Amino acid sequence: PLAREVESDMASPVLTAPDGRRAMLLFTGLDTLAAWQGDARPVPVTGPDAAVAALDDACDVLLLDLGSPDAAVVRLSQLWALAQRRPWLPAHEDPVVRDALALAVRGRPDIVAARLEDGTVHAPGVTRLVLELRPGLTQTQVHDLTQIVGQALATDPEVRLRIDDVAMVLRGA
């Protein structure tokens, strides 16, 4: 029998921003690909395979249909969900993130309440973490509490995959 190649690797365009962030380009149709670069040669790929390729190339985002009116960004949390073939949820709705926050504030009487909210008012992909603190805390105590909670979320690998960015809001109870 003749030997044949079952799978091959293709080069995908990757853009690198001045700050080092990397983005892989992906096009959803021949029209958007041709509008970006007329002589580009398309290779069909599934969404999960494109996400895996982007992660393998250390990309932070996928840029869909660059240059078209419908261009979109697939953020890192969305890339991981797609690569893992699991549904993506915004971090403020994700039970894994909610459980991690509950664990991070458990046993801290100076934190009266903690909740996650949609933080897109700050920027796309931002999760707002609201901490309601007991009145009368010193600046050092507040700093220590925010560090403890932030560190607990940042050091949990599964949570890190599900949160793109956080804006912490402090309120008096």
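Buried means under 20% relative accessible area, and partly exposed means 20% up to 50%. The legends below describe a predicted model, in which nine salt bridges are counted.

**View 1. Salt bridge between Glu117 and Arg128.** The closest approach of the two side chains is 3.1 Å, N to O. Glu117 belongs to strand E5 (residues 111–118) and Arg128 to strand E6 (residues 126–133), so the contact ties together parts that are 11 residues apart in sequence. Arg128 has a relative accessibility of 17% and therefore counts as buried. Glu117, at 21%, is partly exposed.

**View 2. Salt bridge within helix H6, between Arg162 and Glu158.** An N to O distance of 2.8 Å separates the two side chains. Both residues lie in helix H6, four residues apart, which is about one turn of the helix. Arg162 counts as buried, with 13% relative accessibility, whereas Glu158 is partly exposed at 30%.

**View 3. Network of Arg115, Glu117, Arg128 and Glu132.** These four residues are joined into one network by salt bridges that share partners. The pair Glu117 and Arg128 from View 1 is part of this group.

**View 4. Salt bridge between Asp164 and Arg75.** The closest N and O atoms of this pair are 3.0 Å apart. Asp164 sits in the loop between helix H6 (157–162) and strand E7 (165–172), and Arg75 in the loop between strand E4 (72–74) and helix H3 (76–83). The pair thus links distant parts of the chain, 89 residues apart. Asp164 is partly exposed, with a relative accessible area of 28%, and Arg75 is partly exposed at 21%.

Conventions. Residues numbered from 1 in each chain as written. Predicted model: local features only at pLDDT ≥ 70, side-chain atom pairs only at ≥ 80, totals over all residues. Heavy atoms only, no water. Helix = DSSP H or I, 4+ residues; strand = E, 2+ residues; numbered from the N terminus. Buried < 20%, exposed > 50% of the residue type's maximum accessible area, 1.4 Å probe, protein only.
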